[in-house]
Amino acid sequence: MLASLPMQVYRSKFQCFLSLKSSPPIDKENKSGFLNNNNNNRRNPKRILKSPCFCFPDPSIPSQTTQNSVFDDSNQNPDASIYELLDPDFLSHSLRSCSTLREVKRLHAVVLKGFRNPVTFVDNNLISTYVRFGRIVDAERLFDGMRDRDVVSWTAMITAYSKTGMEDEVLRVFERMVEDRVVANGSTYVCLLNSCSRRSDFDLGRQVHACVVKGSWSNLIVNSTLVHFYARCGDLEAAFRLFDSMPKRDVVSWTTMVAACAQHGHGGESLSLFARMQREGVRVNEFTVCSALKACGESKDLKFGRQLHGASIKKALMLDVFIGSSLVGMYVKCEQVIDARAVFDSMPRRNTVSWTSMIAGYAQNGVAEEALNLFRRMKKRRILTNSMTVVSILSACGSIGSLCLGKEIHTRILKNFTCSNTHIGTTLVWFYSKCGEYKYASRVLKDMPLRDVFSWTAIISGYAQNGVGMEALGSLSDMMWEGVNPNPFTYSSALKACAKLEAIREGQWIHASANKTCALANVFVGSALIDMYAKCGCVTDASRVFDSMPERNLVSWKSMIVGYARNGLCKDALKLVYRMRAEGFKDLGRSHLGFGSDGVVSGQQWRSKKKKQQRFYRVPLGVSGRRWRSKKKQRRGDLGSAVEEEAAALVVARVSQTLENEGQSAAAERLQRTKTVTP
């Protein structure tokens, strides 16, 4: 009989019931309306339910006697005739259409009172509705109180934890689900794969993939999520393999691959996928265009980026703030700051990302003053800043040495950001080191709750660049004592400090440490090792490192050639120049070698001049030993640099003469134009 009742009957009775339950209390002075001022009615709501509000003269509704015959316990529970008419499907639909949390709680109360036996799919809808309003605790309480849980119940809780970023709880609920022998479905696997992507849990994601294959849960959504998982974990080969095996692809699948290639530095592959996508007739969306613009910026493909800019204007996509921000970022990475500013000024709406992209563009391209001016405009308009904005403006302050503004930004960081942000802390360490404020830099580093390799490298490189070599080596020791493994940039900075101190023992220790890792194959570490050994007088070790390098650049060749010149081995330097030219490095100009060809001295003159200069190292009267040693060291550095310049000039002069004899006039003229001598 309940099934024969029309839906409008449920709706009318249900809405009348909710209006009655939510009606405010009647004022004592007011004696009008269908609710009188009877205290018994207020204290006993069951008597209110017998009011004429629930009397429906509609002939389609059974009479009271018929209802009493249908519902046996109407005499014991006067509300039974109302609650038994509640349809679970209609109630679930009402839960999905709730717009406020108050409505959800009201419907939850109806469910608790109206159903003698809990209905599983109604409880599932309640969990999903609580999750939609961010009430995870209420969803947990309802889930824990359920007697019968199906796969939808478990998936609803996994989705709740996944949306709120509680990845550990996702795994805990899934383990409980497996223990209860509940078979997962495609939606469950999608939530698990998204959680694995955020955690970069490659092993668990592969196990989930195996479960998808065994259970035949492959579909368009699951396959797209798998592609996203493999791309997020950096396994582009597996992502491409899965993408090519998909029988059907939508715009989400294509966009995932385009974005993955762009994020991993394969800009050309990303753009080729974008072109292939258009050839197959797949209509792009704004996310696809943003990914393609990022690929243009990574690959420095300005021409293709301008074409995308024109297509965005034709299709009226410039109104989208994300596309505008991506265009700004593309022009910035292609070093077209003027075009980036033109796009920025033409944007009808700008968000924090737009302002941050433009500020970062100015800071990265050496226009720090414009970055600071734009940041002041941003503050006047009261636009919220994020961590990337702070990092960009601190980089600009460090580039121009604006210590006052940097300290002001540091104050804002202490007020508005948490101290656990590693990126901001690392940038602060770099900023204070750049400005020579080592006390502030070490204090910021000490206060950081999590110090990674980039934080330590920032302060080590700052010490090394400003000539505080002993502090740099001390920081390296502290870093390794904390169990943080150095990266190639850390080794390179520490080796520069050893070269300035001429600390051969510490340099050999760093060499041995780098030899145990893959950092020794890095071209920058190899160049720093050559420079360190050459400055310490160990030319044989420098030559051995140079010959063992798997890859060399112009810096490596320059370090070895100048190393030979510093130690008076001009013939070996000349042979190395010929070898460099034979391997395709033909530019011997000042910008790469770092010296000119004005002075020509022989090796014997170089050695005699060095001995002559050493005669001046005598302690004058009235000067303490420590003070004289510091002055002596400083003077020795000045005189040594002059000798190195003359030795370098010897190499260039001989190379110039040889090239002239061989008829290489163009190269000789370029060498002769170098007027200054810089080591």
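Two rings of Phe, Tyr or Trp, the last by its six-membered ring, form an aromatic pair if their centres lie within 6.5 Å. The exercises below apply to a predicted model.

**Exercise 1. Aromatic pairs**

Task: Determine how many aromatic pairs the structure holds, and how the planes of F344 and W355 are arranged.

Solution.
1. Under the rule above, the count is 11 aromatic pairs.
2. For F344 and W355, the centre-to-centre distance is 5.0 Å and the planes stand 85 degrees apart. An angle over 60 degrees counts as edge-to-face, and the F344–W355 pair is accordingly edge-to-face.
3. F344 belongs to helix 21 (residues 337-346) and W355 to helix 22 (residues 352-364), so the pair links parts 11 residues apart in sequence.
4. Both F344 and W355 are buried.
5. The ring of F344 has a further partner: the charged end of R350 sits over this ring, 4.6 Å from its centre.

**Exercise 2. A pair between helices 27 and 28**

Task: Classify the pair formed by the rings of Y438 and Y463, and state which helices it ties together.

Solution.
1. The ring centres of Y438 and Y463 are 5.1 Å apart and their planes meet at 40 degrees, so the pair is tilted.
2. Y438 is part of helix 27 and Y463 of helix 28, so the pair joins parts 25 residues apart in sequence.
3. Y463 has a relative accessible area of 5% and is buried. Y438 is also buried.

**Exercise 3. The two sides of helix 27**

Task: Establish which residues of helix 27 are buried, which are exposed on the other side, and what the buried ones pack against.

Solution.
1. In helix 27, which spans residues 438-447, the buried residues include Y438, A441, V444 and L445.
2. Viewed down the helix axis, the buried residues of helix 27 fall within an arc of 125 degrees, so they line one face of the helix.
3. The general geometry agrees: an α-helix has 3.6 residues a turn, so residues three or four places apart point the same way.
4. On the other side of helix 27, K439, K446 and D447 are exposed.
5. The buried residues of helix 27 pack against helix 25 (403-416), helix 26 (422-434) and helix 28 (453-465).

**Exercise 4. The surroundings of E167**

Task: Decide whether E167 is buried or exposed, and identify the side chain with which its own side chain makes a polar contact.

Solution.
1. E167 is located in helix 11 (residues 167-179).
2. Its relative accessibility is 10%, and buried means under 20%. E167 therefore counts as buried.
3. The side chain of E167 makes a polar contact with that of S195, at 2.5 Å.
4. When neighbours within four places in sequence are set aside, E167 is in contact with S162, S195, R198 and R199.

**Exercise 5. Positive phi values in loops**

Task: For S200 and E335, state where each residue lies and whether it is partly exposed or exposed.

Solution.
1. S200 is not a glycine, yet it has a positive phi of about 55 degrees. S200 occupies the loop between helix 12 (186-199) and helix 13 (202-214).
2. With 48% relative accessibility, S200 counts as partly exposed.
3. E335, likewise a residue other than glycine, has a positive phi near 65 degrees. E335 is in the loop between helix 20 (321-333) and helix 21.
4. The relative accessible area of E335 is 59%, and this residue is exposed.

**Exercise 6. The chain as a whole**

Task: Describe the secondary structure of the chain and give the share of its residues that count as buried.

Solution.
1. The chain has 39 helices and zero strands.
2. Of its 679 residues, 44% count as buried.

Conventions: Residues numbered from 1 in each chain as written. Predicted model: local features only at pLDDT ≥ 70, side-chain atom pairs only at ≥ 80, totals over all residues. Heavy atoms only, no water. Buried < 20%, exposed > 50% of the residue type's maximum accessible area, 1.4 Å probe, protein only. Helix = DSSP H or I, 4+ residues; strand = E, 2+ residues; numbered from the N terminus. Arc of directions from axis to C-beta. Contact = heavy atoms within 4.5 Å. Polar contact = N/O pair within 3.5 Å; in protein donor to acceptor, adjacent residues only side chain to side chain. Phe/Tyr/Trp six-rings, centres within 6.5 Å; stacked < 30°, edge-to-face > 60°. Lys NZ or Arg CZ within 6 Å of the ring centre and 35° of its normal.
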